[in-house]
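This report introduces a single protein chain to a reader who has not met it before. It treats the annotated regions, the domains, the salt bridges and a surface patch in turn.

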Amino acid sequence: MRQRDAERTRAALMSAARTLFSTQGFSGTGVREIATLAGVNSSLVTRYFGSKHGLYRETLAQVLDITPLLQIDRRHFGKTVVSLFLGAHDAPGPLAMLILSAADPEAYATSVEMLQTKVIVPLARWLGPPDGAARAARLNILWSGLLVSWRLLPLQQLAEVRDTSTHRWLEAEIQAIVDEGEG
């Protein structure tokens, strides 16, 4: 029973941290605020994560985990990824977490490290030769650009991106990058 409570508490803290780091950034979020949102005592942040930074690291590692995307059929990757991105409304986005936390040097360093180890390296491995790392970086550029222009600094022209030529363009560009290795 105790282990289950610990898992539930860790999950509640990470969920609260994700919400707050994605809306207020690392520097703008306090440990007490995270604990209050999670409904637990603030001392549990230190107990389970060592520090606010430890909580940031684990939360970011979780939200940047690209493993589920790498299970998608390669032939339909572009279409599936765009649908997943455009269908995600509920959860605070990892990109917001990264951008809003960039002002803190330690959080910034962690963000760069986690983006590399949790997104670029696994994606490059999945893409394979030729040039998997460069192709992974190009995909990240497309995804980041979409999310910034659609969610963080919304362009009016993307308000209805789900059913537009932009949607089809994104699908095709993402798929073309994936298919480069098939040629």
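Over residues 7–67 the chain is 74% helix and 0% strand, and the C-alpha atoms at the two ends are 21 Å apart. Helices (H or I, at least four residues) and strands (E, at least two) are DSSP runs, numbered from the N terminus. UniProt, in an unreviewed entry, places the feature "domain: HTH tetR-type" at residues 7–67. The same record lists residues 30–49 as "DNA-binding region", also from an unreviewed entry. UniProt positions follow the numbering used here, feature names are shortened, and annotations may be inferred rather than shown by experiment. Residues 30–49 are 75% helix and 0% strand, with end C-alpha atoms 14 Å apart.

The model is predicted: local features need pLDDT of at least 70, side-chain atom pairs count only at pLDDT 80 or more, and totals for chains, interfaces and linings use all residues. Residues are numbered from 1 along each chain as its sequence is written, and side-chain values use heavy atoms, with hydrogens and water left out.

**Domains**

The domain assignment gives domain 1 (1–52) and domain 2 (65–179), with bounds that come from an automatic or database domain assignment. Nine residues from domain 1 and ten residues from domain 2 take part in the contact, where contact means heavy atoms within 4.5 Å. The centres of the two domains, taken over C-alpha atoms, are separated by 26 Å.

**Salt bridges**

Five salt bridges are found in a search of the whole structure. A salt bridge is a side-chain nitrogen of Lys or Arg within 4 Å of a carboxyl oxygen of Asp or Glu. The table presents three of these pairs.

| Pair | Closest N to O distance |
|---|---|
| Arg10 and Glu58 | 2.5 Å |
| Arg57 and Glu113 | 3.0 Å |
| Arg138 and Glu180 | 2.8 Å |

Arg138 belongs to helix α8 and Glu180 to the segment after α9, so this pair ties together parts that are 42 residues apart in sequence. The salt bridge between Arg10 and Glu58 links distant parts of the chain: Arg10 is in helix α1 (residues 2–24) and Glu58 in helix α4 (residues 52–63), 48 residues apart. Arg57 in helix α4 pairs with Glu113, which lies in helix α7 (residues 105–127), 56 residues away.

Are these side chains buried or exposed? Arg10 is partly exposed, with a relative accessible area of 24%; the class lies between buried (under 20%) and exposed (over 50%), for a 1.4 Å probe and protein chains only. Glu58 is partly exposed at 31%, Arg57 at 28% and Glu113 at 35%. Arg138, at 29%, and Glu180, at 37%, are likewise partly exposed.

**A nonpolar surface patch**

Ile99, Leu100, Leu152 and Leu153 make a nonpolar surface patch of about 360 Å². Patches consist of residues with over 30% relative accessible area and no salt bridge; like charges are joined within 9 Å, and nonpolar side chains (Val, Leu, Ile, Met, Phe, Trp, Tyr) within 5 Å. Accessible areas come from the Shrake-Rupley method with a 1.4 Å probe, and for residues only the protein chains shown count as cover.

Leu152 is found in helix α8 and is partly exposed at 34% relative accessibility. Its C-alpha atom is 9.6 Å from that of Ile99, although the two residues are 53 residues apart along the chain. Leaving aside residues up to four places away in sequence, Leu152 touches Leu95, Ala96, Ile99 and Leu147. Leu153 is found in the loop between α8 (132–152) and α9 (165–179), and it counts as exposed because its relative accessibility is 60%.
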